[in-house]
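Visitor: I should like to learn how to read a structural model feature by feature. Could we work through one together?

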Amino acid sequence: MTRTVHGVHPTVPLSAAVQAGDFLFLSGQVPFGPDGRLVPGDIAVQTRQVLENIAAVLGEVGASMEDVVKTTVWLTDAADFAAFNSVYREYFPSLPPARSCVVSLLAVDARVEIEAIAHVAAGSPGGA
C-alpha cells in the first residue's frame, strides 16, 4: 500500500496527516491558532479553532469536512459536552461522521483535542 505523509512537524515526531490508500488519517488537533499559540477561551472557542485546524489540513490535500468519516474527541471536562456538541454540529450539520468522545487530561493545556479520518477516493483532488 502506498503511504503519503503530509506536514511533518519540525520538532515533534508526528505528521499532520498520513494518507494510506483511500484514507487520510489526521493527527489530533488542539486549539493552536495560526501563530502557533494556544487560543484562549471556553470550549466553544477552542472547539471552533480545532475544527478550523482540521479543515485546513484537509484543504491542503484537496479534501473537506464532508470527507470525514470518523473522529475521536478528547474533552478535559465532561461538563463541556453540550457546548462542544453545539459547535461540532455546525461543522457536520448532516450525516455526521462516526465519533468517539472521552474525557481525559491532554498533553497541552487545552480543553479539547480531535483526530479525524477522512475518505479520499483515488482520482479525487486529494486522492492518490
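Guide: The turns below take up strand pairing, one residue in a strand, the nonpolar core and the largest pocket. Please keep in mind that this is a predicted model.

Visitor: Let us begin with the strands. In which sense do S2 and S3 pair, and over how many bridges?

Guide: Strand S2, residues 15-20, and strand S3, residues 23-29, pair in the antiparallel sense over four bridges. One pair to locate is Val 18, whose bridge partner in S3 is Phe 25. The two strands form a hairpin with two residues between them. In that turn, Gly 21 has a positive phi of about 60 degrees.

Visitor: Which bridge partner does Leu 24 have in S6?

Guide: The partner of Leu 24 is Ala 118. S3 and strand S6, which spans residues 112-119, pair in the antiparallel sense over five bridges. S3 therefore pairs with S2 as well as with S6, by the criterion of at least two bridges between paired strands.

Visitor: How should one read a single position in a strand? Is Ala 116 buried or exposed?

Guide: In a regular strand, side chains alternate between the two faces of the sheet. Ala 116 lies in strand S6. This residue counts as buried because its relative accessible area is 3%, and the cut-off is under 20%. Its contacts, leaving out residues up to four places away in sequence, are Leu 24, Phe 25, Leu 26, Ile 54, Val 68, Lys 70 and Thr 71.

Visitor: Ile 54 appears in that list. Which residues does Ile 54 itself contact, beyond its neighbours within four places in sequence?

Guide: Ile 54 is in contact with Leu 26, Gln 29, Met 65, Ile 114 and Ala 116.

Visitor: Which residues touch the most other members of the largest nonpolar core?

Guide: In soluble globular proteins, nonpolar side chains tend to be buried together. Here the largest nonpolar core has 26 residues, and Leu 51, Ile 54 and Leu 58 touch the most other members. At least two residues each come from S2, S3, H1, strand S4 (68-75), helix H2 (81-91) and S6. H1 provides the largest share, six residues.

Visitor: Finally, what volume does the largest pocket have, and which element gives the most to its lining?

Guide: The volume is about 660 Å³. H1 gives the most to the lining, with five residues. Strand S1 (3-8), S3 and helix H1 (43-60) each supply at least two. The lining holds 23 residues, with His 9, Gly 28, Gln 29, Val 30 and Phe 32 nearest the centre. By class, 12 are nonpolar, nine polar and two charged.

Technical notes. Residues numbered from 1 in each chain as written. Predicted model: local features only at pLDDT ≥ 70, side-chain atom pairs only at ≥ 80, totals over all residues. Heavy atoms only, no water. 1 Å grid on protein atoms, 1.4 Å probe; cavity = no way out; pocket = protein on both sides within 12 Å on 5 of 7 lines; lining within 4 Å. Points joined across faces, edges and corners; volume = space filled by probe spheres on them. Nonpolar A, V, L, I, M, F, W, Y, C, P; charged D, E, K, R; others polar. Buried < 20%, exposed > 50% of the residue type's maximum accessible area, 1.4 Å probe, protein only. Contact = heavy atoms within 4.5 Å. Core = buried A, V, L, I, M, F, W, Y, C linked by side-chain atoms within 4.5 Å.
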